[in-house]
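Visitor: I would like to go through the labels attached to this structure one at a time, and to hear the reasoning behind each.

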Amino acid sequence: PFDVLIVGGGPAGAAAAVYAARKGIRTGIASERFGGQVLDTLGIENFVSVKETEGPKFALALEEHVRHYDVDIMNLQRAKALVPGKDLVEVRLESGASLKAKTVILSTGARWRNVNVPGENEFKNKGVAYCPHCDGPLYKGKRVAVIGGGNSGVEAAIDLAGIVKHVTLVEFDTKLRADEVLQRKLRSLANVTVIMNAQTTEITGTDKVNGLTYKDRSSGEEHRVELEGVFVQIGLVPNTEWLKGALELSRHGEIVVDERGQTSVPGVFAAGDATTVPFKQIIIAAGDGAKAALGAFDHLIRTSAP
Ligand code: FAD
């Protein structure tokens, strides 16, 4: 069996693998797509000490760093079940294989919910964005829309209003769902327009985004807003469907972890976007992966026979 088996090969999983392997313990990492969300990212400018890089290049660097150590890398493997046992935890893969480990680190990340309108896919990284902390500065002085009026949408609009020229917040419902304190802050901003009861119908553009169309849900009329960027903020979904029932998840489906990355199951740790850790960012996921690996190592030296 593995001493540490990591499930998920994004920044969190890669950092966990490096930290575990450096302890000289038997380490494996199984993932569907090594690199994770970073593979879908164009520019990365906020991983401190790396002024500027590109997603695929960063993903390759993650894998190279892990390969530098004695780690069993199992790519293109999707986990389908976690089965805690008395001494060993079992991870079952879609391929039919079963892996056993003394400790497991779950780092299966998350995915942004799409609005699924024409233009969204076509203009990803060309005006359609999902992460205001990451891409906000690219729209300095420009006009953007935020789709979604929950906490993340309203937070994004407030954040972006400080950088861009104008923000249009588009909400499907007749009211915003964000906390009142955020709504109050939003209403106090002069360069934000809120449009409610509006269904986004298309994101338009040529080589990059030039506008958004929406339907007024009460009149049925179509309207168009000219802008350079659209931030989709209708939810980040953790990749934890396969863990339901096996350990404690939050009501948003995030794996509940303590300050050492320990989950509700002894010997099972978790890190990164799949967990309750606030703020989903590369540098945070990587730090979290390191922490979970040290948590797992600490667990091993306390529970394993010498
Ligand atoms: P992920 O990167 O999501 O990795 C999850 C891993 O788990 C993947 O290897 C995946 O294949 C695997 N996996 C999932 N389910 C299973 C399963 N059942 N079995 C096996 N493996 C599985 N952050 C920044 O800090 N700066 C940026 O500029 C930035 N830009 C971004 C741009 C875009 C378009 C997106 C989508 C995100 C961006 N982010 C950015 C956020 C950042 O990518 C994430 O916070 C980070 O990748 C999270 O790392 P993670 O390891 O927790 O999860």
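## Labels and their grounds

Visitor: Why is Asn 197 called buried?

Guide: Asn 197 has a relative accessibility of 16%, and a residue counts as buried under 20% relative accessible area, as exposed over 50% and as partly exposed in between, with a 1.4 Å probe and protein chains only, so the label buried follows for Asn 197. This is a predicted model, in which local features need pLDDT of at least 70 and side-chain atom pairs count only at pLDDT 80 or more, whereas totals for chains, interfaces and linings use all residues. Residues are numbered from 1 along each chain as its sequence is written, and side-chain values use heavy atoms, with hydrogens and water left out.

Visitor: What makes the backbone of Asn 197 worth a remark?

Guide: Asn 197 is not a glycine, yet its phi is positive, near 55 degrees. Most residues other than glycine have a negative phi. Asn 197 sits in the loop between strand 13 (192-195) and strand 14 (198-205), where strands (E, at least two residues) and helices (H or I, at least four) are DSSP runs numbered from the N terminus.

Visitor: Which other residue has a positive phi of about 60 degrees, and is that residue buried or exposed?

Guide: That residue is Leu 76, again not a glycine, and it lies in the loop between strand 5 and strand 6 (79-84). Leu 76 has a relative accessibility of 72%, which is over the 50% limit, and therefore counts as exposed.

Visitor: How do you know which residues touch Glu 32, and what makes Glu 32 partly exposed?

Guide: Contact means heavy atoms within 4.5 Å, and, with residues up to four places away in sequence not counted, Glu 32 touches Leu 76, Gln 77 and Arg 78. The relative accessible area of Glu 32 is 44%, a value between the two limits, so Glu 32 is partly exposed. Glu 32 itself is found in the loop between strand 2 (27-31) and strand 3 (43-44).

Visitor: Why does Glu 171 count as buried?

Guide: Glu 171 has 3% relative accessibility, which is under the limit, and so counts as buried. It is placed in the loop between strand 12 (166-170) and helix 5 (180-187), and its contacts outside the four neighbouring places in sequence include Gly 149, Arg 177, Met 196 and Asn 197.

Visitor: Why is the link of Cys 131 and Cys 134 called a disulfide?

Guide: The S to S distance is 2.2 Å, and a disulfide is a pair of cysteine sulfur atoms within 2.5 Å, so the pair qualifies. A search of the whole structure finds one disulfide, and this link is right-handed, with 60 degrees about the S-S bond. Cys 131 is buried at 10% relative accessibility, whereas Cys 134, at 33%, is partly exposed.

Visitor: What makes a set of residues a nonpolar core, and which residues touch the most other members of the largest one?

Guide: A nonpolar core is a set of buried Ala, Val, Leu, Ile, Met, Phe, Trp, Tyr and Cys residues joined through side-chain atoms within 4.5 Å. The largest core has 29 residues, and those touching the most other members are Val 4, Ile 6, Ile 29, Phe 34, Val 66, Val 71 and Ile 105. Two or more residues of this core come from each of strand 1 (2-7), helix 1 (11-21), helix 2 (55-67), strand 5 (71-75) and helix 6 (282-303), and helix 1 gives the largest share, seven residues. A second, separate core of 25 residues includes Val 7, Leu 93, Leu 99 and Ala 101.

Visitor: What makes helix 1 mostly covered?

Guide: Of the 11 residues of helix 1, 10 are buried, among them Pro 11, Gly 13, Val 18 and Ala 21. What covers these buried residues includes strand 1, strand 2, helix 2, strand 5, strand 8 (98-106) and helix 6.

Visitor: How do you know how far to trust the prediction, and what is the mean pLDDT of the chain?

Guide: pLDDT is the predictor's confidence in each residue, from 0 to 100. The chain has a mean pLDDT of 97, and 99% of its residues reach 70 or more. For the complex, the predictor gives an ipTM of 0.99 and a pTM of 0.94.
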